[in-house]
Amino acid sequence: MDNHKDILEELKDKGGSIKTKKVLVGLDGFVDVIVTAVDKRSGQGDQFTAIPKLADFGNRIVAAAGKSTNIELFPRMEKLGGNGPIMANAMLSIGSDVKYVGPLGDPGVHPVFKEFAEKTEAVNLGEPGVTHALEFNDGKLMLGKMASLDDITYGKIIDSVGEGAFFDLMSRMDLVSMVNWTMIPNMTDIFNAFLEKVLPNLGPRDQRMFFFDLADPEKRSETDLKSVLDVISKFQSYGNTIIGLNLKEAQQVDRVLGFDEAPSDEAGLKKTALRIREYLGIHCVVVHPVESAACATKEGAFFIKGSLCEKPLITTGAGDHFNGGFCSAQLMGLSPEASLALAVSTSGSYVRTAKSPTLSDLEAFINSEL
C-alpha cells in the first residue's frame, strides 16, 4: 500500500467484523521458559552481562569440545508457549472468538495456561512440552522437550471431545488453524483424518479458512515434508487454505518442491510465495523474514517492509503473532497488502511490549510505525 492511511481506512471499515468470527486453533502446547545465557557475573540475581549473540554462544560451546564448560541460564519469565497457544492468544487479543484444542497439562491444566484455557474453553489433550528459549540480540535457540506430543492423535481428540461434539465445533468455525506439524509426529495422520472423516460431513459455510504453520521442518525428512504439503493442498476443496512460512521454512519448502533458492529481497520473496502457492493450488502463501513480508494470492504477489526493532523485549512468539495478525486480517476481509500490514504490526507491537496487542493497539502502531 502507498501509506498507512489506506490501511487504517480498511481497518475502520471492516475491523468490527472480527468480533463475529469463530476460530479453532491447535494442536500443540508448551511451557516456555525464557532464559538469558550469562557471560560474566558482577553480583547476585540479574547483576551480570549476557552473552550477546547466538554466534558468541556457539563459539563458547565449540571451544569446550574435548574439555567441558558451564553456562548459566538466567530465567527471565515462564509463560504459555507453543505455536498454537501464542497464535490463539494473539487472535483473542485482536478480538475473535477463539477455541483451543491441545496439551495444556496433566493431570490438570498447568498454571501458565489457566487463564488461556478458561478464555478459549480449551479441550486439554494432556501433558504439554517444555521449551527453554535462549534469546540473543541476533536470534534465539529453542531447546525443547516434547515426548508428550507423541500422544496427540485424531483418536485422542475424539475421545476428549466426542465425535458429534467435535463435528459440531468444526462446523461453526470460520477459521481452523493447525500448527506445529514438525513437533507432532501424528499430525499428517490427523490432517488425513480431518479430510476423510470430518470435513465431508460438515454443512456448507459462507466462509471457511484453514491455516497451517509447519514450524521449522528441518528435522523432518524431505519425504515427510513433501507428503504433508500434498495433504495440505487438499484442504482447499473445503475452504480457503493458507500456509505461513518464515524465510527459513520457505526456503526448505521451495527446495523440496524442486525450485532453486530465490534471493530474500522483495522480488525473491514474491517469487517464492507465488510458485509455492501455484504448485500447491491453495488460496494464499505468506513468507515473512524478520524485516519484511510477502504473500501470494490469485490476485498476484504483495510485499511490505516491517518496522524492525533493534532491542526487542521478547522474540519468542513473534512469528506466531504475525500469523495471528494475518489470519485476523483475512477473516475481516482485508486486502493482501493490509493483511501483511496487520501481520507485521501484530508482531512488531508484541516484540516491543511482550504483550499481545488489541485492535486499537494495532491502529496506533500502524499510524506511528508504518
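Mentor: Before we look at helix packing, take one definition with you: a helix axis is a line fitted to C-alpha atoms over the stretch in contact, and the angle between two axes runs from 0 to 180 degrees between N-to-C directions. Keep in mind as well that the structure above is a predicted model.

Trainee: At what angle do helix 9 and helix 10 pack, and how far apart are their axes?

Mentor: Two packed helices are described by the angle between their axes and the distance between the axes. Here helix 9 (residues 247-256) packs on helix 10 (residues 266-280) at about 50°, and the two axes are 11 Å apart. Helix 9 and helix 10 are therefore oblique to each other, and the crossing in which helix 9 passes helix 10 is left-handed.

Trainee: Which residues make that contact between helix 9 and helix 10?

Mentor: Helix 9 contributes Leu 247, Ala 250, Val 253 and Asp 254, while helix 10 contributes Leu 269, Thr 272, Arg 275 and Ile 276. Sorted by class, the residues of this contact are 5 nonpolar, 1 polar and 2 charged.

Trainee: How should I read the packing of helix 5 with helix 6, and what angle do they make?

Mentor: Apply the same two descriptors: helix 5 (residues 154-161) and helix 6 (residues 163-171) pack at about 100°, with axes 7 Å apart. Since angles of 65 to 115 degrees count as roughly perpendicular, helix 5 is roughly perpendicular to helix 6. On the helix 5 side the contact involves Tyr 154, Ile 157, Ile 158 and Val 161, which meet Glu 163, Ala 165, Phe 166 and Phe 167 of helix 6. By class, this contact holds 7 nonpolar residues, no polar ones and 1 charged residue.

Trainee: Where helix 3 meets helix 11, is the crossing left-handed or right-handed?

Mentor: Start with the geometry: the axes of helix 3 (residues 83-94) and helix 11 (residues 318-332) come within 8 Å and cross at roughly 45°, which makes helix 3 oblique to helix 11. The crossing itself is right-handed. Among the residues that meet there are Ile 86, Met 87 and Ala 90 in helix 3, and Gly 324, Gly 325 and Ser 328 in helix 11. The class counts for this contact are 8 nonpolar, 6 polar and 1 charged.

Trainee: Turning to aromatic rings, how many aromatic pairs does the structure hold?

Mentor: A pair of aromatic rings is described by the distance of the centres and the angle of the planes. The structure holds 10 aromatic pairs. One of them joins Tyr 100 and Phe 116, which lie 5.3 Å centre to centre with 65° between the planes, an edge-to-face arrangement. This pair links distant parts of the chain, with Tyr 100 in strand 5 (residues 97-102) and Phe 116 in helix 4 (residues 114-119), 16 residues apart. Both Tyr 100 and Phe 116 are buried.

Trainee: Why is the pair of Phe 210 and Phe 235 called edge-to-face?

Mentor: The ring centres of Phe 210 and Phe 235 are 5.3 Å apart and their planes stand at 65°, so the pair is edge-to-face. Because Phe 210 lies in strand 10 (residues 209-213) and Phe 235 in the loop between helix 8 and strand 11, the pair ties together parts that are 25 residues apart in sequence. Phe 210 and Phe 235 are both buried, and ring pairs link them with Phe 191 and Phe 212 into a cluster.

Trainee: Phe 191 brings me to helix 7; which elements do its buried residues pack against?

Mentor: The buried residues of helix 7 (residues 187-198) include Ile 190, Phe 191 and Phe 194, and the buried residues of this helix pack against helix 5, helix 6, strand 9, strand 10 and helix 8.

Trainee: Which backbone values deserve a second look, and where is the peptide bond cis?

Mentor: Most residues other than glycine have a negative phi, and most peptide bonds are trans. In this model the bond from Gly 26 to Leu 27 is cis, with omega near 15°, and the bond from Asp 106 to Pro 107 is cis too, with omega near 10°. Leu 27 sits in the loop between strand 1 and strand 2, whereas Pro 107 is in the loop between strand 5 and helix 4.

Trainee: And is Asn 180, with its positive phi, buried or exposed?

Mentor: Phi of Asn 180 is near 65°, and Asn 180 is buried, with a relative accessible area of 1%. Ala 354 also has a positive phi, of about 65°, but Ala 354 is partly exposed at 33%.

Notes. Residues numbered from 1 in each chain as written. Predicted model: local features only at pLDDT ≥ 70, side-chain atom pairs only at ≥ 80, totals over all residues. Heavy atoms only, no water. Helix = DSSP H or I, 4+ residues; strand = E, 2+ residues; numbered from the N terminus. Parallel < 35°, antiparallel > 145°, perpendicular 65-115°, else oblique. Contact = heavy atoms within 4.5 Å. Nonpolar A, V, L, I, M, F, W, Y, C, P; charged D, E, K, R; others polar. Left-handed = near helix turned anticlockwise from the far one by under 90°. Phe/Tyr/Trp six-rings, centres within 6.5 Å; stacked < 30°, edge-to-face > 60°. Buried < 20%, exposed > 50% of the residue type's maximum accessible area, 1.4 Å probe, protein only.
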